[in-house]
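Biologist: Please take a close look at one part of this chain, the loop that holds a residue with an unusual backbone angle, and then place that part within the rest of the fold. A connected account would serve better than a list.

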Amino acid sequence: MEQYIEYLRKSRFDRDYLDLSVEETLKRHQEILDRLARDRGFYIAKVYREVVSGESIAARPEVQKMLEEVSSGIYTGVLVVDVERLARGNSADQAYISQIFQFSDTKIITPAKTYDPTDEFDQEYFEFGLFMSRREYKTINRRLVRGRQSSASEGKYVGSIAPYGYDRVKLQGEKGYTLEPNPAEAETVRRMFELYVRRQGTKMIANELNDRKIPTRHGGKWDASTVGAILINPVYLGKIKRGYVKETKRLDERGNVVSSYRHCKDVEDYDLYEGRHPALIDDALFEKAQKIRKENYVGPKVKKQYELVNPFAGVMVCAECGKPIGRKVSSKNHPNPPRVACTNPHHCSNRSASFALVETEILNALRSWLDGYRIKLDTVGFAEDIADCRRQLERIEAEREKLKAQLDRAYTLVEQGVYSLEVFGERRDKLTRELNELQEQQDAAEQSLAQYEADESSQQEIIPQTETLLASYDDLTVQERNELLKTILYKIEYYRGEDGIVSIDLYPRLPKV
């Protein structure tokens with residue numbers, strides 16, 4: 001059976017769906033493509049939904065996954081509402097996409113036209129369509145930038161989300177938006193400035209707000225950086241700022257265009273306009289806060305020579321939230337033994353523990369793992385694991401064929417009028433979800449099988465590396481310990497709950513035994 005993919009992406013320049021959310025727009029687009037697939041008898045194996053904005057492929061993970069599957073040649077075609085959904089990026093992105101479809105012999109199917117990559121004229125027409133969409137993107141983008149700049153100069157608020165302390169409201173009788181104070185949040189903003197000019201730091205202010213159970217806009221807890229961002233924002237003076245985010249583009253190691261953004265902290269570095277919204281604080285209070293901020297700012301600290309002190313740096317992560325686990329030391333005035341703690345600034349519930357205790361637990365866990373791994377290789381090896389993986393893949397394939405047959409029957413029943421379109425849609429969505437779940441299971445099983453079937457000598461390499469680490473740990477430098485750990489382990493998960501028990505999970509760079 002020929003298989004097809006649906007790719008859905010909402011462009012911010014959609015003229016027909018300006019008042020719809022991303023989800024509503026994607027739903028409309030899927031209805032169009034589902035109707036197209038139904039009319040032509042296409043079997044849709046997978047649906048990709050892109051809900052992020054980005055002109056380059058590097059910024060769109062779903063299109064990357066879709067292109068990777070298309071390149072394997074397993075799909076007959078990709079259904080899109082129009083070719084612009086695939087790429088509005090630079091010429092390199094467009095050439096890459098064109099080659100993927102050409103070399104995999106995969107058709108691009110839109111309601112208006114089907115592009116056959118083996119047809120010379122279709123290929124030229126497709127590439128021309130991508131070129132024109134890129135040109136349109138740049139034209140519309142320039143128009144939007146000019147429009148936003150003009151709105152800002154008129155005192156309108158051009159952001160999509162109101163800053164903390166305000167609500168975004170529609171202007172009466174004209175286009176655009178402005179801000180009006182949110183009573184509860186506005187009072188919190190004033191409190192921040194008052195505390196700061198009394199020489200309380202941003203961390204102390206965040207702690208006070210958290211102690212008073214005052215949530216952030218999204219219901220989370222305050223931290224020093226969030227408070228600091230509010231204290232430097234001139235919007236609270238009744239101003240509108242533009243150009244305070246500076247974009248820098250570069251090529252990564254794969255040749256993709258990657259953008260990085262820097263927020264300007266000084267008013268002199270961006271444009272400032274009189275806003276139509278009321279100020280929450282006066283000029284004198286704001287200026288005093290900025291003066292204190294500049295007095296306290298000492299610039300970035302740069303060590304003359306970096307010396308690694310944590311052998312688990314880049315390896316140990318929090319089992320609760322996935323953030324790195326760091327090594328923390330007390331101040332010189334109150335010297336205490338070092339501890340390990342989660343670096344999550346938003347109050348992760350994972351508790352800290354003595355560094356020495358955690359280090360001992362990791363080494364003991366590594367010894368236990370090594371003993372079991374050595375026994376495994378010396379006895380049965382991975383034959384049983386390989387057989388299990390193959391049996392699992394056979395089961396998945398059998399279930400997949402069963403679901404495909406059910407989906408074929410659903411198409412037949414809707415064509416015969418037995419199923420209504422609504423019933424058919426629900427049935428098709430359920431079967432598609434189950435097929436996608438099977439695909440994920442198959443990917444995991446194939447990955448495990450590839451690992452188990454790896455060359456025996458490469459599996460054996462980890463044993464002498466681990467033995468060296470354990471036998472010479474006390475004599476190695478911290479840097480040497482860290483390098484050896486990274487060759488042996490993919491990651492170490494750390495957890496300590498309310499019972500005080502430290503839990504360590506090792507993830508070796510080979511299958512677990």
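Modeller: D105 has a relative accessibility of 42%, so D105 counts as partly exposed, since that class lies between 20% and 50%. The model is a predicted one, and the values that follow are computed from it. D105 belongs to the loop that links α3 (91-103) with β4 (107-109). The backbone of D105 has a phi near 55°, which is a positive value in a residue that is not glycine. Most residues other than glycine have a negative phi.

D105 is also one of the contacts of T76, a residue in another loop. T76 sits between α2 (61-71) and β3 (77-79). Beyond its neighbours up to four places away in sequence, T76 touches D105, T106 and K107, and also E2, Q3 and Y4. Is T76 buried or exposed? T76 is buried, because its relative accessibility is 18% and the limit for that class is under 20%. Thus the partly exposed D105 is in contact with the buried T76.

From T76 one may move along to L79, a residue of the largest nonpolar core. That core has 43 residues, and L79 and M66 are the two that touch the most other members. Helix α10, which spans residues 383-415, gives the most to the core, with six residues. With residues up to four places away in sequence set aside, the contacts of L79 include Y4, I5, E6 and Y7. L79 also touches L33, L36, A37, F42 and I44, and I109 completes the set. Y4 therefore appears in the contacts of L79 and in those of T76, by the criterion of heavy atoms within 4.5 Å.

A second residue with a positive phi offers a parallel case. R199 has a phi near 75°, again in a residue other than glycine. R199 is found in the loop between α5 (183-197) and α6. With a relative accessible area of 53%, R199 is exposed, whereas D105 is partly exposed at 42%.

The helix after that loop leads to a helix pair. The axes of α6 (residues 202-211) and α7 (residues 224-231) come within 8 Å and cross at roughly 110°. The two helices are therefore roughly perpendicular to each other. On the α6 side the contact involves T202, K203, I205 and A206, and on the α7 side A224, V227, G228 and L231. L231 is also in contact with Q290, as is I232, when neighbours of Q290 within four places in sequence are left aside. Q290 belongs to helix α8 (residues 283-296), and its relative accessibility of 10% is the reason why Q290 counts as buried.

Elsewhere the chain forms an open sheet of three strands, in the order β13-β14-β15, with antiparallel pairing. Strands β13 and β15 stand at the edges with a single partner strand each, so one side of each is left without a neighbour in the sheet. Strand β13 (residues 325-328) is joined to β14 (residues 339-342) by four bridges, while β14 and β15 (residues 353-354) pair over two bridges. V340 of β14 stands opposite R327, and in β15 the bridge partner of V340 is A353.

One further separation along the chain deserves mention. E483 lies in helix α14 (residues 478-488), and its relative accessible area of 44% makes E483 partly exposed. E483 and A313 are 170 residues apart along the chain, and their C-alpha atoms are separated by 9.8 Å.

The figures for the chain set these parts in context. The chain contains 14 helices and 17 strands. Of its 513 residues, 41% are buried. Among contacts between residues at least 6 apart in sequence, 63% join residues at least 24 apart. The accessible surface of the chain is about 29700 Å², and 49% of this surface belongs to carbon and sulfur atoms.

Notes:
Residues are numbered from 1 along each chain as its sequence is written. This is a predicted model: local features need pLDDT of at least 70, side-chain atom pairs count only at pLDDT 80 or more; totals for chains, interfaces and linings use all residues. Side-chain values use heavy atoms; hydrogens and water are left out. A nonpolar core is a set of buried Ala, Val, Leu, Ile, Met, Phe, Trp, Tyr and Cys residues joined through side-chain atoms within 4.5 Å. Buried means under 20% relative accessible area, exposed over 50%, partly exposed in between (1.4 Å probe, protein chains only). Two strands pair if DSSP finds at least two bridges between them. Accessible areas come from the Shrake-Rupley method with a 1.4 Å probe; for residues, only the protein chains shown count as cover. Axes are lines fitted to C-alpha atoms, for helices over the stretch in contact, and angles run from 0 to 180 degrees between N-to-C directions. Angles under 35 degrees count as roughly parallel, over 145 as roughly antiparallel, 65 to 115 as roughly perpendicular and the rest as oblique.
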